[in-house]
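Student: I am new to this structure. Please take one part of it and walk me through that part closely.

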Amino acid sequence: MSIPLRVNGKTADVAAAPDTPLLWVLRGELQMTGTKFGCGVAMCGACTVQIDGQPSRSCVTPLAAVGGRAVDTIEGLQGPEIAALRRAWTEVDVVQCGYC
């Protein structure tokens, strides 16, 4: 089954089961590895993306729940947004994913 997915402003048709977690579609199908696997039960936040502007844990969000909605990942940040994020992470010495 092919599900249309809008990630970082671009549309992709994803051939995956509707119950596949969004995290695995992003990382495996779309090769967007900025979203990390942490705990797998939506507790740690390493897999957080924005869906229609709201933070969501992609490890427990089924692909079927995001068809036609706007998904934004860290790869989609540009310009002043990514510069501010990098500055903030450097200032507080954040590890790669921020999980641990």
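Tutor: Start at L5, whose bridge partner in β2 is A12. That bridge belongs to a set of 6, over which β1 and β2 pair in the antiparallel sense. The model is a predicted one.

Now look at the side chains of β1. In a regular strand, side chains alternate between the two faces of the sheet. β1 shows this alternation. I3, L5 and V7 point to one face, and these three are buried. S2, P4 and R6 point to the other face and are not buried. Being buried here means having under 20% relative accessible area.

Next, follow the chain out of β1. β1 covers residues 2-7, and N8 sits in the loop between β1 and β2. The hairpin of these two strands has 2 residues between them. Most residues other than glycine have a negative phi. N8 goes the other way: its phi is positive, near 55°.

A second residue is worth a look for its phi. A42 is not a glycine, yet its phi is positive, at about 65°. Where is A42 found? A42 lies in the loop between α1 (22-29) and β3. Its relative accessibility is 23%, so A42 counts as partly exposed.

Back to β1, which has another partner. Strands of a sheet pair through backbone hydrogen bonds, either parallel or antiparallel. β1 and β5 run parallel and are joined by 2 bridges. Take R6 as a marker: its bridge partner in β5 is A70. R6 is also one of the β1 residues that are not buried.

β5 leads on to β3. Strand β3, residues 48-51, pairs with strand β5, residues 70-72. The sense is antiparallel, over 2 bridges. Here Q50 stands opposite D72 of β5.

Now put the strands together. They form an open sheet of 5 strands, in the order β2-β1-β5-β3-β4. The pairing is mixed. You have met both kinds: β1 with β2 is antiparallel, while β1 with β5 is parallel. Which strands lie at the edges? They are β2 (10-15) and β4 (54-57), and each pairs on one side only. From one strand to the next, the twist averages 40°.

So trace the sheet once more by eye. Begin at the edge strand β2. Cross to β1 by way of A12 and L5. Go from R6 to A70 in β5. Then pass from D72 to Q50. In the strand order, β4 comes after β3.

How values were computed:
Residues numbered from 1 in each chain as written. Predicted model: local features only at pLDDT ≥ 70, side-chain atom pairs only at ≥ 80, totals over all residues. Heavy atoms only, no water. Pairing = 2+ DSSP bridges. Helix = DSSP H or I, 4+ residues; strand = E, 2+ residues; numbered from the N terminus. Axes fitted to C-alpha atoms, helices over the stretch in contact; angles between N-to-C directions. Buried < 20%, exposed > 50% of the residue type's maximum accessible area, 1.4 Å probe, protein only.
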